[in-house]
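Open the structure in your viewer and keep the sequence panel in sight. The tour below goes from one selection to the next and says what is found at each stop.

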Amino acid sequence: MTPGEHAAMTMTSAPARTLGMAACIALVMGNMIGSGVFLLPASLAPFGWDAVAGWVFTIAGSMLLALVIARLTVAMPDASAPQMVARAFGPLAGFAIGWIYWLSIIITNVTIAVAATANLSSVLPALARPGAGVACSMAILWAMTGINLIGARAAGTAQIVTMIVKLIPIAVVMGLLILILGNGSAQVAPFPAQGLTAAGITASASLTLWALMGFESASVAADKVRDPARTIPRATLIGTAATGLIYLLVCSGIALTLPIALTQTGSPFGAFVSYYWSPYPARFIVLFVVVSCLGALNGWTLLQGEAPLAMARAGELPRWLAVTTHKGTPVRALMLSTLLASLLLIANSLQGLVSLFTAMALLATSATLWLYVGCALASLHFRVVMPAAAIGLCYALWTLWGAGVVASGSSIILMAAGLPFYWWARRGRVII
């Protein structure tokens, strides 16, 4: 579960509050650790030590935004993130946040599929060609859609298996980093003589946020948490800090100790294990990474159907998207979302896998940041943790700037593109 997942959830009457502090921390960390960590070293390597500072800013900013969303969830437990914005600024603002959130999921799915293909390309070099890589990524997208079309039970089973697998490559790399730094065999990139640069920190911070999206997961399950007013903020901050620390050590460790040319091979984790250990185990690490990416994609695919379904049921999107099977599977919403993801892949088919991943990660981050901007503004409107909301808002806007004119400008255009559908849906609701 990741940014704004509240829209995909339904509330039950008199839920059992079974989640304590430890369970909530595990929920936050488990949902944040996805595919971002596995290809980010390739995107961050050119920034060197600037990326380390970018991680520090990202962790701090994410913790502030996580606190804002957690407190808002406690104050309005019956509202999703877009509904919180709607209550503060009206239905159009809520629709805009919900719409861009849906599109951010689609872009995220493209990014994860590309990450899986990039890692596979280290053992199947033919996939490194743009055409073959795009075809493989598209096949992965539709395969995950097929699993979700079977029903939520199949998607849930796949999620449990991949959740266990995803921790293996991270543990291996952490162990290797400790070993090579301890025995002095690591070739650590020297700290630049000119010091850190503001431009490098800003640009890298936009990429690092991609890996930390999902810190609001405990807020999603607020109705099942014991003592939510106390547990959710603490679990969210602890889980975000712990995950951020893991990412900081792993991504920075690979980017600063691996020759930059090797980070661009499509599988930085595999290249790191091969360089400091052996090519043979590196192949298995790559397979574990791919399975982890598929697990993250499976969860996001579930959301890419549920998000438009919730909006259609609320009358914010055309009603034909609200049709489900007898199992409750939103077939039309799932198919439309994957079709849009496929078109996005085709439109960017000329880029290499690492370049495509970087571009999609920036666009997905920019699109998701509007959710955080909206929540921070809503928090200020309702006077909830105002200092954190003010600083978090500044951080979110700074990260939007760091994503660049192309990514952030594109996210604004994508948000505006939803207005005709909003007016169409409202007109249809009035007629009916």
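Which backbone oxygen lies 2.6 Å from a polar atom of the side chain of Thr263? Select Thr263 and look for the backbone oxygen of Ile260, which is the atom in question. Bear in mind throughout that this is a predicted model.

**Stop 1: Thr263**

Thr263 sits in helix α12, which covers residues 260-263. Its relative accessible area is 0%, so Thr263 is buried. Now show what surrounds it, leaving aside neighbours within four places in sequence: Thr263 is in contact with Pro41, Ala42, Ala45, Ile254, Leu258 and Pro268.

**Stop 2: the whole chain**

Zoom out and colour by secondary structure. The protein chain has 19 helices and zero strands. It is made of 432 residues, of which 55% count as buried. Switch on the surface: about 16,900 Å² is exposed, and carbon and sulfur atoms supply 72% of that area. As for how the chain meets itself, take the contacts between residues at least 6 apart in sequence; 83% of these join residues at least 24 apart.

**Stop 3: Tyr372 and Ala81**

For one example of two residues distant in sequence, select Tyr372 and Ala81. They are 291 residues apart in sequence, while their C-alpha atoms are 9.0 Å apart in space. Tyr372 belongs to helix α16. Is Tyr372 buried or exposed? With the surface on, expect no exposed part of this residue, because Tyr372 has 0% relative accessibility and counts as buried.

**Stop 4: a nonpolar patch**

Keep the surface on and select Trp142, Val331, Met335, Leu339, Leu340, Leu343 and Ile346. Together they form a nonpolar patch on the surface, with about 560 Å² of accessible area. Which helix gives the most to this patch? It is helix α15, residues 331-347, with six residues. Trp142 comes from elsewhere in the chain: its place is in helix α6, residues 130-150. Trp142 counts as partly exposed because its relative accessibility is 31%.

Stay in helix α15 and select Ser342. This residue is buried, with a relative accessible area of 4%. Apart from neighbours within four places in sequence, Ser342 is in contact with Met138, Leu141 and Trp142. Trp142 thus appears twice at this stop, once as a member of the patch and once as a contact of Ser342.

**Stop 5: aromatic rings**

Next, show the side chains of Phe, Tyr and Trp. How many aromatic pairs does the structure hold? There are 14 of them. One is formed by Trp99 and Phe421, whose rings are stacked, 5.3 Å centre to centre with 20 degrees between the planes. Trp99 lies in helix α5 (residues 91-120) and Phe421 in helix α19 (residues 419-431), so this pair ties together parts that are 322 residues apart in sequence. Trp99 is buried, at 7% relative accessible area, whereas Phe421 counts as partly exposed, at 35%.

A second pair to select is Tyr395 and Trp398. Their ring centres are 6.0 Å apart and their planes stand at 50 degrees, so the pair is tilted. Both residues lie in helix α17, three residues apart, which is about one turn of the helix. Tyr395 counts as buried, at 7% relative accessibility, and Trp398 is partly exposed, at 26%.

Go back to Trp99 and Phe421 and add Phe95, Trp102, Tyr422 and Trp424 to the selection. Ring pairs link these six residues into a cluster.

**Stop 6: the loop between α16 and α17**

The last stop concerns backbone angles. Most residues other than glycine have a negative phi. Select Arg383, which is in the loop between α16 (353-381) and α17 (386-402). What is the sign of phi at Arg383? The value is positive, near 60 degrees, in a residue other than glycine. Arg383 is exposed, with a relative accessible area of 66%.

Then select Val385, which is in the loop between α16 and α17. Its phi is also a positive value, near 35 degrees, and Val385 is likewise a residue other than glycine. Val385 is partly exposed, with a relative accessible area of 25%.

Conventions:
Residues numbered from 1 in each chain as written. Predicted model: local features only at pLDDT ≥ 70, side-chain atom pairs only at ≥ 80, totals over all residues. Heavy atoms only, no water. Helix = DSSP H or I, 4+ residues; strand = E, 2+ residues; numbered from the N terminus. Buried < 20%, exposed > 50% of the residue type's maximum accessible area, 1.4 Å probe, protein only. Contact = heavy atoms within 4.5 Å. Areas by Shrake-Rupley, 256 points an atom, 1.4 Å probe, with all protein chains shown as cover. Polar contact = N/O pair within 3.5 Å; in protein donor to acceptor, adjacent residues only side chain to side chain. Patch = residues over 30% accessible without salt bridge, like charges linked within 9 Å, V, L, I, M, F, W, Y side chains within 5 Å. Salt bridge = Lys/Arg side-chain N within 4 Å of Asp/Glu carboxyl O. Phe/Tyr/Trp six-rings, centres within 6.5 Å; stacked < 30°, edge-to-face > 60°.
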